Amino acid sequence: MLETLETIGSTQAEALQAIANAPDDAVLEALRVAYLGKKGHVKQFYALLGKVPPEQKAEAGQRINALRDAVETALSERKSALQANRYADLADKEWLDVTAPGLRQSRGRLHPITQIQYEIEDIFRSMGFDVFDGPQVEDDYHNFEALNIPADHPARDMQDTFWLTNGRLLRTHTSSVQIRAMQQHKPPLRGISPGRVYRYEATDASHENTFYQVEGLMVDKDISVAHLIYVMKKLLREIFQKDVEVRLRPGFFPFVEPGFELDIACLICSGSGCAVCKHEGWVELLPCGAIHPNVLRHCNIDPEVYTGFAFGLGLNRLVMMRYGINDIRHFQSGNLAFLEQF
Ligand code: DAH
């Protein structure tokens with residue numbers, strides 16, 4: 001046999017040893033090219049086959065085939081072994097303890113004002129009230145004029161107003177939505193309109209420039225203050241989960257006649273007098289009244305035929321009473337330590 005072909009055996013031994021020791025895929029690939037590639041050992045041995053005497057050809061061919069097969073097998077075995085090592089390393093470094101307790105994801109929540117707003121919407125819906133929405137950027141007509149507060153009326157001073165350069169304003173109360181509701185819907189009508197309102201106020205523990213109200217109204221034939229009291233008692237019973245005593249005192253608001261301040265018996269002392277109610281036994285809760293005939297007229301509702309009541313509930317006050325919060329500025333503070341309590 002040709003001298004060169006005599007080296008098939010030693011080539012195979014070298015190849016198998018080098019492959020078995022290959023440290024990584026790159027070295028393994030280099031070895032594959034060196035032995036099985038276009039210019040590799042195996043190709044070179046095949047090229048010499050032509051010069052082998054005919055009687056030795058078969059045996060020489062078989063030995064080259066055997067070399068090729070052995071190298072292929074060794075390469076694929078080493079490749080699998082390297083991969084297994086990699087997984088073992090990974091398992092050492094990146095293990096997972098499936099019995100470890102999970103990390104709690106902190107959940108978002110609704111602002112306490114939004115929570116009570118939704119609650120109040122549900123209570124009123126259960127009494128057949130609609131929920132009306134209105135713009136926060138209002139015009140003079142809906143915020144004042146149609147509510148019986150003409151331009152020169154001193155009652156405008158009760159609500160310091162943010163005026164915009166285009167003559168509009170940031171609504172000072174949700175009563176503006178009363179007008180929109182009564183203009184769009186004919187009586188019988190009952191609805192509430194919750195929302196954000198703005199006042200040009202110096203802020204302190206009980207004053208904010210931005211706060212939340214729910215305006216409510218009911219218009220039909222023969223609606224009286226008795227209906228108002230019933231609805232308010234029902235609302236308070238649902239909110240405070242107990243019967244709450246109420247009383248009305250006269251109050252002035254241009255859009256109601258008569259107008260009232262509705263007080264509730266102090267929830268802390270049940271009316272016997274304590275520090276919270278300043279020993280009066282009563283806490284002022286909301287203003288309300290019978291809708292003024294002029295307001296009905298502005299909405300094309302005949303005050304000779306229809307009457308109604310309206311009320312304005314301050315949501316911030318309500319949440320403060322429910323949770324004993326002593327500073328209204330917390331609501332807009334964006335302070336998570338405060339907000340996460342609710
Ligand atoms: N809109 C009034 C305010 O924000 C509150 C109010 C008073 C609403 C009397 C009413 C009402 O519906 O009858 O100061």
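Visitor: Which residue has a backbone N or O atom 3.2 Å from an oxygen atom of the ligand?

Guide: This is a predicted model. Two other residues approach ligand oxygen through side chains: Gln159 at 3.4 Å and Glu215 at 2.5 Å. The backbone atom at 3.2 Å belongs to Phe311.

Visitor: How much of the ligand's accessible area does the protein cover?

Guide: Alone, the ligand has 360 Å² of accessible area. The share covered by the protein is 93%.

Visitor: Which elements give two or more residues to the shell around the ligand?

Guide: One helix is on the list, H7 (175-184). The strands are S5 (210-220), S8 (282-291) and S9 (307-314). The answer is H7, S5, S8 and S9.

Visitor: Which of the 16 residues around the ligand come nearest?

Guide: Glu215 is in this group, and its side chain has an N or O atom 2.5 Å from a ligand oxygen. The full set is His173, Ser175, Arg199, Gln213 and Glu215.

Visitor: How do the residues of the shell divide, and how many are charged?

Guide: Seven are nonpolar and seven are polar. The charged residues number two.

Visitor: Is Phe124 buried or exposed?

Guide: Phe124 is found in helix H5. Its relative accessibility is 0%, and the cut-off for buried is under 20%. Therefore Phe124 counts as buried.

Visitor: Which residues does Phe124 touch, leaving out those up to four places away in sequence?

Guide: Phe311 is one of them, and the backbone of Phe311 also lies 3.2 Å from a ligand oxygen. The whole list is Phe129, Ile192, Val231, Leu235 and Phe311.

Visitor: Against which elements do the buried residues of H10 pack?

Guide: Helix H10 spans residues 315-323. Its buried residues are Leu315, Asn316, Leu318, Val319 and Met320. They pack against H5, S5, H8, S8 and S9.

Visitor: Which residue follows H10, and what is the sign of its phi?

Guide: The residue after the helix is Gly324. Its phi is near 65°, which is positive.

Visitor: With which side chain does the side chain of Glu138 make a polar contact?

Guide: Glu138 sits in strand S2. At 0% relative accessibility, Glu138 counts as buried. Residues it touches include Asn143, Arg168 and Arg171. The polar contact, at 2.7 Å, is with Arg180.

Visitor: How many aromatic pairs are there?

Guide: The rule asks for ring centres within 6.5 Å. By this rule the total is eight.

Visitor: What is the angle between the planes of Phe144 and Trp163?

Guide: The ring centres are 6.3 Å apart, and the pair is tilted. Phe144 is buried, with a relative accessible area of 1%. Trp163 is partly exposed, with 46%. The angle between the planes is 35°.

Visitor: What is the distance, centre to centre, between Phe253 and Phe255?

Guide: This pair is tilted too, with 35° between the planes. Phe253 is buried at 14% relative accessible area. Phe255 is buried at 11%. The distance between centres is 6.2 Å.

Visitor: Which residues form one aromatic cluster?

Guide: One member, Tyr323, belongs to H10, which covers residues 315-323. The cluster consists of Tyr323, Phe331, Phe338 and Phe342.

Visitor: Which residue is joined to Pro187 by a cis peptide bond?

Guide: Most peptide bonds are trans. Here omega is about 5°. The partner lies in the loop between H7 and strand S4. The residue is Pro188.

Visitor: What is omega for the peptide bond from Glu257 to Pro258?

Guide: This bond is cis. Pro258 has its place in strand S7. Omega is near -5°.

Visitor: What is phi of Asp222?

Guide: Most residues other than glycine have a negative phi. Asp222 has a positive value. Asp222 is found in the loop between S5 and H8, and is exposed at 67% relative accessible area. Phi is near 60°.

Visitor: Where is the place of Gln241?

Guide: Gln241 has a positive phi, near 60°. Gln241 is exposed, with a relative accessible area of 65%. Its place is in the loop between H8 and strand S6.

Visitor: How far apart in space are Asn300 and Leu36, C-alpha to C-alpha?

Guide: Asn300 is found in the loop between helix H9 and S9. Asn300 is exposed, with a relative accessible area of 67%. In sequence, Asn300 and Leu36 are 264 residues apart. In space the separation is 97 Å.

Conventions. Residues are numbered from 1 along each chain as its sequence is written. This is a predicted model: local features need pLDDT of at least 70, side-chain atom pairs count only at pLDDT 80 or more; totals for chains, interfaces and linings use all residues. Side-chain values use heavy atoms; hydrogens and water are left out. A residue is near a molecule or strand if one of its heavy atoms lies within 4 Å of it. A polar contact is a pair of N or O atoms within 3.5 Å; within protein, one must be able to donate a hydrogen and the other to accept it, and residues adjacent in sequence count only if both atoms are side-chain atoms. Accessible areas come from the Shrake-Rupley method with a 1.4 Å probe; for residues, only the protein chains shown count as cover. Helices (H or I, at least four residues) and strands (E, at least two) are DSSP runs, numbered from the N terminus. Ala, Val, Leu, Ile, Met, Phe, Trp, Tyr, Cys and Pro count as nonpolar, Asp, Glu, Lys and Arg as charged, and the others, Gly among them, as polar. Buried means under 20% relative accessible area, exposed over 50%, partly exposed in between (1.4 Å probe, protein chains only). Contact means heavy atoms within 4.5 Å. Rings of Phe, Tyr and Trp (its six-membered ring) pair if their centres lie within 6.5 Å; planes under 30 degrees apart count as stacked, over 60 as edge-to-face and the rest as tilted.
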